Amino acid sequence: MKHILPEDIEQTSMSIIAQELGERGIVLPKEHDAVVKRVIHTTADFDFARNLSFTPNAVDLAKAALLRGAAIVTDTNMARAGISKPALTKLGGQIRCFMADEDVARAAREKGTTRAMAAMEKAVRQYPNAVFAIGNAPTALLRIAELIEEGLQPALVIGVPVGFVNVVESKKVALTVCQANGIPAILAMGRKGGSGVAAAVCNALLYQAAEEIGLVN
């Protein structure tokens, strides 16, 4: 086994992914290519080539928002940790996760809701036009959908929670709401997803945005 540099490993991995997609007869739309391949690279799961759903122009609109310095809000610190800080910093953005905040826990107890819902409510007060990357909690995704119906206009909704309870339903609701209100969205339909997937989608968008203005990843 050869010892090769991380960038060489990534290039080789992406070449393998492209080859296997071809062997499976999967042709990705050009605008979705980098996002889908980044998610497959993170998960080694080719199901995402078919499971990821994009609203029209979601990638271009998301990149434009990131180039304007849009913040990214996640529903887990794991997703937050997985997002490229150098790329985000170069674009003038920031990343926030409110799940561990004491006031969020208190609000959830008082209202009888989940901490994820309370975290989203705090997030939209501070960053209403952020990219919301939901990789774990379907209740967070459902709350964002409700807030969109009330007038919230986020830069992008990334809805990729993983699991068995309310996961499939939350994604269907979010997709319908985003489509009806003209909100850009990228969702992993079905049960699959996770914090790593949320981070991978964010990174694919960040890298593309950085490349467009000549910044190195």
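User: What is the bridge partner of L52 in β6?
Analyst: In this predicted model, L52 is bridged to A188 of β6. Strands β1 and β6 run antiparallel and are joined by three bridges.

User: What makes β1 and β6 a pair?
Analyst: A pair needs at least two bridges. Three bridges join β1 to β6, so the two strands pair.

User: Why is the pairing of the sheet called mixed?
Analyst: Strands of a sheet can pair either parallel or antiparallel, through backbone hydrogen bonds. Both senses occur here: β1 and β6 run antiparallel, while β5 and β6 pair in the parallel sense over three bridges. In that second pairing, V157 has A185 of β6 as its bridge partner. The six strands follow the order β1-β6-β5-β4-β2-β3 in an open sheet.

User: Which are the edge strands, and what makes them edges?
Analyst: They are β1 (52-54) and β3 (95-97), each of which pairs on one side only. From one strand to the next, the twist averages 15°.

User: How do you know that β4 pairs with β2 and with β5?
Analyst: The test is at least two bridges. Strand β2 (residues 72-74) is joined to strand β4 (residues 131-134) by three bridges, and these strands run parallel. Four bridges join β4 to β5, also in parallel. On the β2 side, I72 stands opposite V131 and V73 is the bridge partner of F132. On the β5 side, F132 has V157 as its partner.

User: What makes both faces of β6 count as covered?
Analyst: Residues on each side are buried: A185 and L187 on one, I186 and A188 on the other. The term buried requires under 20% relative accessible area. In a regular strand the side chains alternate between the two faces of the sheet. Strand β4 shows a matching split, with V131 and A133 pointing one way, F132 and I134 the other way, and all of them buried.

User: Which helices pack on these strands?
Analyst: Among them is helix α10 (residues 167-181), which touches β1, β5 (156-159) and β6 (185-188). Its direction makes about 160° with that of β6. Helix α11 (residues 195-212) lies across β2, β4, β5 and β6, at about 145° to β5.

User: Why is N203 called buried?
Analyst: The cut-off is under 20%. N203 has 8% relative accessibility, so it counts as buried. N203 is found in helix α11. Leaving aside neighbours within four places in sequence, N203 is in contact with G82, I83 and S84.

User: Why are α2 and α11 called oblique to each other?
Analyst: Their packing angle is about 140°, with the axes 8 Å apart. Roughly perpendicular covers 65 to 115 degrees, and roughly antiparallel needs over 145. The angle meets neither condition, nor the one for roughly parallel, which is under 35, so the two helices are oblique. The crossing of α2 past α11 is right-handed.

User: Which residues make that contact, and how do they divide by class?
Analyst: On α2 they are A34, V35, R38, V39, T42 and T43; on α11 they are G196, V197, A200, V201, A204, L205, Y207 and Q208. By class, nine are nonpolar, four polar and one charged.

User: Which residues of α2 are buried, and what follows the helix?
Analyst: The buried residues of α2 include V35, V36, K37, R38, V39 and I40. After the helix comes A44, whose phi is positive, near 60°.

User: Why are α4 and α11 called roughly perpendicular?
Analyst: Helix α4 (residues 58-67) packs against α11 at about 65°, the axes being 9 Å apart. The class runs from 65 to 115 degrees, so α4 and α11 are roughly perpendicular to each other. Here too the crossing is right-handed.

User: What makes up the contact of α4 with α11?
Analyst: Helix α4 contributes V59, A62, K63, L66 and L67, and helix α11 contributes L205, L206, Q208, A209 and E212. Seven of these residues are nonpolar, one is polar and two are charged. Lys and Glu count as charged, and K63 and E212 are among the contact residues.

Conventions: Residues numbered from 1 in each chain as written. Predicted model: local features only at pLDDT ≥ 70, side-chain atom pairs only at ≥ 80, totals over all residues. Heavy atoms only, no water. Axes fitted to C-alpha atoms, helices over the stretch in contact; angles between N-to-C directions. Contact = heavy atoms within 4.5 Å. Left-handed = near helix turned anticlockwise from the far one by under 90°. Buried < 20%, exposed > 50% of the residue type's maximum accessible area, 1.4 Å probe, protein only.
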